[in-house]
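User: Please take me through the reasoning behind some descriptions used for this protein. I would like each term set against its criterion.

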Amino acid sequence: MNKTFKFLTLSLLLCLFAANCLQASPARKKEPNKGYRFTLFIYGCQDSVMYLGNYYAGGTYAFDTAILSPKGMFVFENKEAQLKPGLYFFVSQSGDYVEFAVYGNEKLDFHFDTEDPGWQNNMRVKGSKENEILFSYHQTNRKIYAQIDSAKRVSTDSAAFEAFRLKKIKQMDSIKENYISKYPNSMLALLMNATREPSVPTVDENGKTLTNRERWNYFMDHFFDYTKLDDDALIRTPDMIFHQRLVNYLDKSLQNAPAETIIEYVDKLIEKAKPSKENFRYLVHTIAEKYLQSTIMSYDAVYVHMIKKYVETGMCDWMSPTTIDENVKRANTWEKILIGKPAPQLIMKDINGNFQSLYALKSKYTLLIFWSPTCGHCKTTIPDLYKRYAKYKDRCDISAFAVLSEPDEETRPKWHDFINKHGLDWINIDGGEANIDWHEVYDVVTTPQIFLLDKDKVILAKKLSAESFEEVIKIIEKIE
């Protein structure tokens with residue numbers, strides 16, 4: 001954190017959002033006393049305004065302001081609000097800041113005092129054992145970092161300095177373990193444990209060397225072993241503690257994993273978080289939104305799973321009925337066109353007015369395309385797609401069922417012109433008359449939409465571009 005905290009002076013409007021942070025916590029623990037009073041005395045302070053804020057899901061939010069009093073103190077007081085557990089901070093207009101904990105059942109009447117300059121490094125607290133622990137740990141670490149920095153400035157032997165640095169790092173690791181052992185139920189222990197990485201073994205209990213897959217499985221199964229996913233305070237920690245670790249877990253650890261594998265691991269994760277309503281809510285929302293927006297063709301299955309398991313079953317009581325209905329409707333639609341599902345039958349008229357049936361095509365593969373000549377992306381994609389289709393049509397036995405997605409009197413002449421201009425002699429279908437509402441059934445909201453079906457009209461791939469269509473064909477047909 002640095003001078004960018006100056007943005008907080010302009011972001012007090014976020015109080016409306018931060019008011020959410022002042023509601024009652026889920027009844028997992030005994031509620032702390034209502035209201036808070038924090039006094040902050042900084043000897044030699046050059047600032048006249050101080051802000052009180054909190055972390056939430058990777059963001060920072062200011063929700064209270066104090067003006068320097070004639071006695072040289074900043075006083076934050078609200079007798080009605082109830083702060084939820086987590087890590088909070090004081091931040092000045094000049095960007096100086098210090099974090100403190102709201103945790104356990106302490107009465108929120110804390111007095112902080114320190115001196116400028118470097119008031120973050122010399123902070124003392126009365127009325128809070130949690131923050132005594134927190135400040136003690138940070139101040140011990142700062143002393144060791146100062147020793148390393150001092151040694152670096154005077155060092156003339158890089159090897160000797162590196163040995164000294166490693167020794168000090170080992171000392172800090174030991175201090176960290178001592179604090180966790182001594183204060184296992186503290187906010188400090190929660191923070192330090194949450195960033196622990198699992199130690200992956202190289203052999204099993206019988207001494208057999210583990211394969212890369214087995215080691216990956218172990219890593220995934222134990223990634224959050226030390227993270228108290230059921231603790232409400234976790235959501236109100238800095239980005240690196242929880243939010244970014246979740247992002248890394250999904251984007252890196254589960255990168256390119258099959259949808260069913262992702263579903264397996266996110267379900268395990270959410271199950272551990274269920275006792276904390278806030279963490280549960282955050283995980284369900286974040287994961288569902290991520291896979292709703294995903295461009296990877298098979299990952300819509302993850303979104304469908306999230307909605308069917310957690311939203312449709314009534315577990316997301318924070319959602320409005322309208323939002324629930326919208327998500328359930330989308331999931332029900334997507335469920336019918338997932339990879340591996342049979343494509344819904346289409347019976348429609350072709351460009352010559354003759355009825356064509358999708359299922360009547362007996363080729364090994366079928367390209368199902370929804371497009372329009374008025375769509376900017378279609379204007380470049382469709383000719384390119386046709387060239388690649390023509391390249392593999394006979395070799396791989398591919399047919400195409402290309403549907404005009406804007407079948408109106410204004411678009412049809414442009415459709416004819418485009419077909420003639422680019423020589424699109426696949427089966428051109430006018431979407432104006434059909435056996436189903438294909439816009440809804442195939443979720444054709446944007447164009448082009450390109451599916452690849454097998455001989456039984458089972459969906460092999462979707463969300464294709466011209467390039468990815470060719471890549472998929474080459475892979476499944478083993479073409480070099």
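Analyst: This is a predicted model. Of its contacts with a separation of 6 or more, 69% join residues 24 or more positions apart. The secondary structure comprises 14 helices and 15 strands.

User: Why are helix 9 and helix 10 called oblique to each other?

Analyst: Helix 9 (residues 300-311) and helix 10 (residues 321-335) pack at about 130 degrees, with axes 9 Å apart. Angles of 65 to 115 degrees count as roughly perpendicular and those over 145 as roughly antiparallel. The angle of about 130 degrees falls in neither class, and the pair is therefore oblique. The crossing of helix 9 and helix 10 is left-handed.

User: What makes the contact between helix 9 and helix 10, by class?

Analyst: The contact has 8 nonpolar, 2 polar and 4 charged residues. Helix 9 contributes Asp300, Tyr303, Val304, Ile307, Lys308 and Val311, and the residues they meet in helix 10 include Ile324, Val328, Ala331 and Trp334.

User: Why is helix 4 described as largely enclosed by the rest of the structure?

Analyst: Buried means under 20% relative accessible area. In helix 4 (residues 187-194), 8 of the 8 residues are buried, so the helix is largely enclosed. Met187, Leu190 and Asn193 are among them. The cover over these buried residues includes strand 5, strand 6, helix 2, helix 3 and helix 6. For the protein, 47% of the 480 residues count as buried.

User: How does the radius of gyration of the protein stand against that of a compact globule?

Analyst: A compact globule of 480 residues would have a value near 23 Å, whereas the protein has 30 Å. Its C-alpha atoms fill a box of roughly 90 × 55 × 45 Å along the principal axes.

Note on methods: Residues numbered from 1 in each chain as written. Predicted model: local features only at pLDDT ≥ 70, side-chain atom pairs only at ≥ 80, totals over all residues. Heavy atoms only, no water. Axes fitted to C-alpha atoms, helices over the stretch in contact; angles between N-to-C directions. Helix = DSSP H or I, 4+ residues; strand = E, 2+ residues; numbered from the N terminus. Parallel < 35°, antiparallel > 145°, perpendicular 65-115°, else oblique. Left-handed = near helix turned anticlockwise from the far one by under 90°. Contact = heavy atoms within 4.5 Å. Nonpolar A, V, L, I, M, F, W, Y, C, P; charged D, E, K, R; others polar. Buried < 20%, exposed > 50% of the residue type's maximum accessible area, 1.4 Å probe, protein only. Rg over C-alpha atoms; globule rule 2.2 N^0.38 Å.
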